[in-house]
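Here are some exercises to work through with the model open beside you. Try each task before you read its solution.

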Amino acid sequence: MAATLAPDMAAAGYAAQEDAIEEALGVMVARASPREAADDMGRRWEILENYFRFYACCNPIHAALTAGETLPAEPRPEEGSARS
């Protein structure tokens, strides 16, 4: 969505922050400055604080996919239905 809005936003006068990449990768993702990250190097592992997706989709759909795993592989005929 951001990629489709970017040209219109640029034309309207919007501009990126000077430190947008550092902000996104350093503060929002790592939540620490490079100096702070180096302080606990070898003792603290960021991978343990991470979130891993089990499916290749956005997070709100994960519950539905997990629930779908409990469905039977073959549909069961409804009780009381006539068989030919």
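Helices (H or I, at least four residues) and strands (E, at least two) are DSSP runs, numbered from the N terminus. The model is a predicted one: local features need pLDDT of at least 70, side-chain atom pairs count only at pLDDT 80 or more, and totals for chains, interfaces and linings use all residues. Residues are numbered from 1 along each chain as its sequence is written, and side-chain values use heavy atoms, with hydrogens and water left out.

**Exercise 1. The overall layout**

Find how many helices and strands the protein has, and how much of the protein is buried.

Solution. Start with the secondary structure: the protein has four helices and zero strands, in the order α-α-α-α along the sequence. Next comes burial, where buried means under 20% relative accessible area, exposed over 50%, and partly exposed in between (1.4 Å probe, protein chains only). Of the 84 residues, 4% count as buried. Finally, the accessible surface (Shrake-Rupley method, 1.4 Å probe; for residues, only the protein chains shown count as cover) comes to about 8,200 Å², and carbon and sulfur atoms hold 60% of that.

**Exercise 2. Helix α1 and its surroundings**

Describe how well α1 is covered, and place Thr4 and Met9 in the picture.

Solution. Helix α1 spans residues 2-11 and includes Met9. The helix is hardly covered, with zero buried residues among its 10. Thr4, also in α1, counts as exposed because its relative accessible area is 59%. A polar atom of the Thr4 side chain lies 2.7 Å from the backbone oxygen of Met1. Met9 is partly exposed, at 36%. Together with Met1, Leu5 and Tyr14, Met9 forms a nonpolar surface patch with about 490 Å² of accessible area. Patches are made of residues with over 30% relative accessible area and no salt bridge (a side-chain nitrogen of Lys or Arg within 4 Å of a carboxyl oxygen of Asp or Glu); like charges are joined within 9 Å, nonpolar side chains (Val, Leu, Ile, Met, Phe, Trp, Tyr) within 5 Å. Just after α1, Gly13 takes a positive phi of about 105 degrees.

**Exercise 3. His62 and its partners**

Is His62 buried or exposed, and which residues is it in contact with?

Solution. His62 sits in helix α4, residues 62-68. With a relative accessible area of 7%, His62 is buried. Leaving aside neighbours within four places in sequence, its contacts (heavy atoms within 4.5 Å) are Tyr51, Arg53, Phe54, Tyr55 and Cys57. A polar atom of the His62 side chain lies 3.5 Å from the backbone oxygen of Cys57.

**Exercise 4. The cysteines**

Work out how many disulfides there are.

Solution. A disulfide is a pair of cysteine sulfur atoms within 2.5 Å. By this rule the count is zero. Cys57 is in no disulfide, as the nearest cysteine sulfur, that of Cys58, is 5.6 Å away. Cys58 is likewise in no disulfide. Cys57 counts as buried at 17% relative accessibility, while Cys58, at 40%, counts as partly exposed.

Note on methods
A polar contact is a pair of N or O atoms within 3.5 Å; within protein, one must be able to donate a hydrogen and the other to accept it, and residues adjacent in sequence count only if both atoms are side-chain atoms.
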